[in-house]
Amino acid sequence: MARLNLLEETRYEKLPVTVYPNPAAGAAAVAQRIAKLIRSKADGEKTVLGLATGVTPIAVYTELIRLHNQEGLSFKNVITFNLDEYYPMKPKAIQSYVRFMNENLFDHIDIDRKNIHIPDGTLPEDKIAAFCLNYEKQIEELGGLDLQILGIGRTGHIGFNEPGSAPNSGTRLVTLDDLTRTDAARDFGGKEAVPTKAITMGVGTIFKAREIILMAWSKKKAPIIKKAVEGEISGEVPATFLQLSDNVEFVLDEPAASELTRFDTPWLVKDCVWDNDLKKKAVIWLANNVNKPILKLIDEDYNNNGMAQLATEQGPVYEINIDIFNQIQHTITGWPGGKPDADDSQRPERAQPAKKRSVIFSPHPDDDVISMGGTFIRLVDQGHDVHVAYQTSGNTAVWDDDVLRYMEFAIDFEKSRGDDTSKLQRIHNDMRTFFATKQPNEIDTPEVRDVKGFIRKSEAIAGARYAGLHDDHIHFMALPFYETGKVTKNSVSQVDVQMTVDLLQQIKPHQIFAAGDFADPHGTHIVCFNIILAALNQLKQTEDWVKDCWLWMYRGAWFEFATHEIEMAIPLSPDEVMRKRLAIFKHQSQKDPAVFPGEDAREFWVRAEDRNRETAQNYDRLGFAEYAAMEAFKRYHY
C-alpha cells in the first residue's frame, strides 16, 4: 500500500526523484554513493567518474575530501572526466574549471594527476574537433563512465548542452545561451567578459554513463526542475532528455523540489492533512485557477479541482471561503508599527507600545528602500523610532568609472579651496593605471574599495534622510565577512554576530525588518539574515526585551512572498509609490545599469514597482479592495 501511495504521489514525475531537507544532507548522500562505488571495485580496478563544476557539487566534493582525510577513502584508482570548460579559458584563470576542480577537490585527495581529464580551453579552434573525438575515445576505451554527476542551469542545460542540443550529441564546441552567460556574469565581473563558447560533453555522452545523478539546491532551481521532471521531452529543455534514461536520479533539496506537484499542490495527487496553512494555500490556488474571487467559489469548483476532500471534511465550502477570506483580509494594514488604541486581536502587529523602536536591516545599502521603502517611510511618518542598519558596504557593486568621477570631484573641490591636491592626484593616477589593466573579478586596491564604499554610503544616507531619518539613526556596520573585495566572501565569524548583538542591545527594538530572500543559499541576504538570527538567539539567553521583539521578513526586487505566505500587507497610495521611487533614485550607482543586475534587465525601481503592483493585483483578484501597490512581510518566529 505504501508503494502504491508513493506512485500516486509521484505520478506527475517522469523520472526518479529523491528529496532531502537541505543541500548538506543531499550532498552527503551523493558523496556516500560515490565512495561506495569506489570501494566496491576490486584491487586495481578503475572507477570512472564524470564530474561537474559550479556551486551545486561543491558540498559533495567537500564531503569526499572529508571521507579521504578521516575515513581513508582513496582516489588512486579513480579516473575523472569533467563535463565542460569555457572557451577560450586559461587553466589558471579565476573562472577556469581546471582551477575550480583543483581548489575544490583534486588538490586535497590522492588522485593521480594523469587520471584527471578536463576539456582544454587553450586549444586553437581548429584543434577542438579532434580533441573532442579523442575525449570521447578515452571514455569509451575505459568502458564508459561509471557515474556522472550533473547540475542544471536555468535554461535546463546539463553540462553546457544548451536549448537545441540533440539527444545523441557528443563532446563538442557550443555557443552559450544568453541566460547562461547572464548567470555567469558575476563570476566574470560583468556579462561582457563571459566567454560566448564552451567545450562540453554531449547529451549522448552523458547518457552512456551507468549511473547519472542530477543535483539541484535552492528555490531558484525549482521552476526548471519542474520542467525537467514533469514536462514534455523537448530540445528546448535539454534536461528533459534524462527522462529517457533508466539510470538517472534527481537529488534535490526541499526548496528545489518545491514546485513539483506533490509538494506544490499535493491535493491533486493524494489526501491531505488540512492544516490552516495548506488550506489557505489551496483556496487561493483554487480561486486563481478558476479565476474567481474567494467568496464566489462553489462546491463544483472544489470537486472539479482535486479539493473534494477539503469540501467534505471541513465544508460547507462557503464557510471555508469566509474563513480564508477573513484571514487574508486581516493581513492588510496601513499601520506597520501597529495601530495605537485599536483592537489588535485581528491585526498583524501589536497596538502597544504605540511608538515602537524599529530596526530595518539592509544587507546592501539599497535593499531597505527597494524592498520596503513605502513601509519605511510610513513607519517614520507614523512617529516610530526607526533605525536603519546597512550590514555591508556593497563596495563590489560600483562601476570603476564612478570611482574616477568622484575622485575628480574631490580634486576639483580641494583645488577650489586652494589646498594641495598632489596626494589625491597621485591616488587618482594610480587608480587609472590599475583600471587600465584590471582583469575580470580582480580584487580592487584598498583605495578603490574605500571610494566605492563611500559612494554607496553617501547614497544610503541620502535615501534614509529622504525617508525621514536623522543621521544618528543611520548605522553602517560593514560586517567583516563581506569586506574581502571579492565576489566570494569570507565565512561568517563571531565578530559579525557580536557587532549585530551590540547594535541590537543599543537599540532594544520592538520590531526588526530583515531581508528574507533565501532563493540563493550563498547570497549575501541569507548570510545577513542568519547573522541577525544568531544575534537574537544569543541575546535571548540574557535579555528580556528580546521576548517582545518581532522579526519581520521582507523580500528584494526579484521575488515576493506567495499570497498565502504573506502575514502583513502594507497598501501604498500612488503618492507613496512615488516617494518610494524617489528614495530608490538616491542610489545613483545602481542605475543605468547596476553592476550586478542579475537575470532581470529592469532597473531596481521598476522591478520594485512592478512587484508591489502585482502583489496588490493578486489581492484584488481574490476579491479584496483595489490598491495601487502593496509591500508584503512574513513574520519569522525565532
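Okay, let's start with helix α20, residues 524–540. This helix has 17 residues and reaches 24 Å from its first C-alpha to its last, close to the 24 Å expected at 1.5 Å a residue. Bear in mind throughout that we're looking at a predicted model.

So which residues of α20 are buried? Going along the helix, they are Thr524, His525, Ile526, Cys528, Phe529, Ile531, Ile532, Leu533, Ala535, Leu536 and Leu539. As a reminder, an α-helix has 3.6 residues a turn, so residues three or four places apart point the same way. Keep that in mind when you read down the list.

And what sits over those buried residues? The cover includes two helices, α15 (367–381) and α19 (494–507). On the strand side, it includes β11 (357–362), β14 (511–515), β15 (550–554) and β17 (629–636).

Let me take β15 from that group. It's mostly covered, with five of its five residues buried. If you look at one side of the strand you find Trp550, Trp552 and Tyr554, and on the other Leu551 and Met553, so to speak a strand with both faces covered.

Now the neighbours of β15. With β14, it pairs in the parallel sense over five bridges, and there Ile512 stands opposite Leu551. With β17, β15 runs antiparallel, joined by three bridges. Which residue of β17 does Trp552 stand opposite? That's Arg635.

β17 has another partner too: strand β16, residues 568–572, pairs with it in the antiparallel sense over five bridges. In that pairing, Leu572 has Ala629 of β17 as its bridge partner.

Okay, over to another strand, β10, residues 248–253. Is it mostly covered or mostly open? Covered: six of its six residues are buried. Val248, Phe250 and Leu252 are on one side, Glu249, Val251 and Asp253 on the other, and both faces are covered. Do notice that Glu249 and Asp253 are in that buried set.

β10 also has strands to pair with. Strand β1, residues 17–20, pairs with it in the parallel sense over four bridges, with Thr18 and Val251 as bridge partners. Strand β9, residues 212–216, runs parallel to β10 as well, and five bridges join them. Across that pairing, Ile212 stands opposite Val248. Add helix α8, residues 222–230, and you get β9, α8 and β10 making a right-handed β-α-β unit.

Last topic, the nonpolar cores. The largest one has 73 residues, and those with the most contacts inside it are Leu64, Ile149 and Phe250. Phe250 is the one we just met in β10. Where does the largest share of this core come from? From helix α2, residues 23–40, with seven residues. Apart from this core lies another, of 57 residues, and among them are Ile531, Leu539, Trp545 and Met630. You'll recognise Ile531 and Leu539 from the buried list of α20.

One more on Ile149, for anyone who wants to click on it. Leaving aside its neighbours within four places in sequence, Ile149 is in contact with Val30, Ile34, Gly50, Leu51, Ala52, Pro57, Tyr61, Leu83, Ile213 and Met215.

That's my tour, thanks.

How values were computed:
Residues are numbered from 1 along each chain as its sequence is written. This is a predicted model: local features need pLDDT of at least 70, side-chain atom pairs count only at pLDDT 80 or more; totals for chains, interfaces and linings use all residues. Side-chain values use heavy atoms; hydrogens and water are left out. Buried means under 20% relative accessible area, exposed over 50%, partly exposed in between (1.4 Å probe, protein chains only). Two strands pair if DSSP finds at least two bridges between them. A crossover is right-handed if, with the strands pointing away from the viewer, the path from the first strand over the helix to the second runs clockwise. The expected span of a helix is 1.5 Å times one less than its number of residues. Contact means heavy atoms within 4.5 Å. A nonpolar core is a set of buried Ala, Val, Leu, Ile, Met, Phe, Trp, Tyr and Cys residues joined through side-chain atoms within 4.5 Å.
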